[in-house]
Amino acid sequence: MSVELSIVMPCLNEAETIESCIAKALNFLKENNISGEVVIGDNGSTDGSQNLALALGARVVDVKEKGYGSASRGAIEAAKGKYVITADTDDSHDLENLMPFVTKLREGYDLVMGNRFKGEKIENSMPFLHRYLGNPVLSFIGNLFFKTKINDFHCGLRGINKKAYQTLDLKSTGMEFASEIVVKASMLNLKITEVPTTVFPAGRTRKAHLRTFPDGWRHLRFLLLYSPKWLFLFPGLLLLLIALLATIYLVVKPEDNLIKWLPVSSSLILIGFQFILFYALTKIYATNQNLIPRGKNYNNLFKYFTLEKGLLVGFLMILGGSASLLYCFLAEISSFEVLKLLIPSAIFTALGVQLILFSFFFSILGLVDKKD
């Protein structure tokens, strides 16, 4: 008999609550006449959680690599169901009301996220910082960066089509697994939706594995690293534009008291330009390493920007900057006028050198991509 639904849960020393979670999951399957199974991804429990799970009829998968993400991936990959619903083993999820997830999966959605903010609000079900700061802020950033419409990025209760899951090639070992599954699903243009769900206070007495600030930073770091545009390109373009306008103003404005800001604005041009170069290199490297999906316009990078074009533009920039520098040293002009021309010329020359170096590195990455 084929398995339609696998309810999977990562576990690390959850003897207090694992029986309740499994019983609720099995009861849901029975009450709704769904062919299913419960799979536990055990991460090295020492409190007998494995035996408790086996006694209730769940399958236990031993996952040696530590971390919430590792345990979750191990359980999902071992699941036999057409659809998979993930949940935590702390008895905080509403495991007896999973039909909204199943219904959406049956309708053809690839990923169905639970939204705890749209479900019943129960006192002490979420820490104050998680409910009003961490989750809303990180969900906002995720939606902004990846153009999703998911209002609870980090809900542990989620459903996914097993075939869709296999296309994601998830890598995360820790709590950022919650972000990765949404981000990669969005980048691959999978069909995503969310349904309300209720979260309860955890049933265990021990301290939660989740660490508010370290794990919050891991989520934020993941969102930044998987979005080179927001990490490098947009800040670089903004900085470059502001610095260029400021430099032009300082060169044109004949005021001695403002000239001290010229080295600052000129240096910011260099920094902004470096941000943009880092965006291009990061994008290519991450794509080649299968860290992010290959975009539709990826191959156009190598079509429109070539080593020869980069070398030509870089050489012309160096030539122009060097000519301007030579003029500064040979022309009989005031020190004030020399300074206004000397600093931008030096920066312009440095930009040309950077462009040439970038062009070589860009082409090397392109060769690696063609080889693969």
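A residue is called buried when its relative accessible area is under 20%, exposed when that area is over 50%, and partly exposed in between. The exercises below apply this to a predicted model.

**Exercise 1.** Classify D91 and K24 by burial, and determine how their side chains meet and where each residue lies.

*Solution.*
1. D91 has a relative accessible area of 16%, so the residue is buried.
2. K24 has a relative accessible area of 24%, and is therefore partly exposed.
3. The two side chains form a salt bridge, with an N to O distance of 3.0 Å. This pair joins distant parts of the chain, 67 residues apart: D91 lies in the loop between strand 4 and helix 4, and K24 in helix 1 (residues 18–31).

**Exercise 2.** Describe the surroundings of D94 and state which side chain of opposite charge is nearest.

*Solution.*
1. D94 is located in the loop between strand 4 (83–86) and helix 4 (99–106).
2. D94 is buried and has no salt bridge; K24 provides the nearest side chain of opposite charge, 6.8 Å away. A salt bridge requires a nitrogen-to-oxygen distance within 4 Å.
3. The D94 side chain does make a polar contact, at 2.9 Å, with the side chain of N97.
4. Leaving aside residues up to four places away in sequence, D94 touches L157, T197, T198 and F200.

**Exercise 3.** Examine the salt bridges K184–E180 and K104–E107, giving the burial of each partner.

*Solution.*
1. The structure contains nine salt bridges, including the one between K184 and E180, whose closest N and O atoms are 3.2 Å apart.
2. K184 and E180 are separated by about one helical turn because they stand four residues apart in helix 7 (residues 177–187). Both K184 and E180 are buried.
3. In the salt bridge of K104 with E107, the closest N and O atoms are 3.6 Å apart.
4. K104, with a relative accessible area of 24%, is partly exposed. E107, at 46%, is likewise partly exposed.

**Exercise 4.** Identify the residues of the nonpolar surface patch and the helix that supplies its largest share.

*Solution.*
1. F140, L144, W230, F234 and L237 make up the patch, which covers about 460 Å².
2. Helix 5 (128–146) and helix 9 (228–252) each contribute at least two of the patch residues.
3. Helix 9 supplies the largest share, three residues.
4. F140 belongs to helix 5. Its relative accessible area is 55%, so F140 is exposed.

Note on methods
Residues are numbered from 1 along each chain as its sequence is written. This is a predicted model: local features need pLDDT of at least 70, side-chain atom pairs count only at pLDDT 80 or more; totals for chains, interfaces and linings use all residues. Side-chain values use heavy atoms; hydrogens and water are left out. Buried means under 20% relative accessible area, exposed over 50%, partly exposed in between (1.4 Å probe, protein chains only). Lys and Arg count as positive and Asp and Glu as negative; His and the chain ends are not counted. A polar contact is a pair of N or O atoms within 3.5 Å; within protein, one must be able to donate a hydrogen and the other to accept it, and residues adjacent in sequence count only if both atoms are side-chain atoms. Contact means heavy atoms within 4.5 Å. Patches are made of residues with over 30% relative accessible area and no salt bridge: like charges are joined within 9 Å, nonpolar side chains (Val, Leu, Ile, Met, Phe, Trp, Tyr) within 5 Å. Accessible areas come from the Shrake-Rupley method with a 1.4 Å probe; for residues, only the protein chains shown count as cover.
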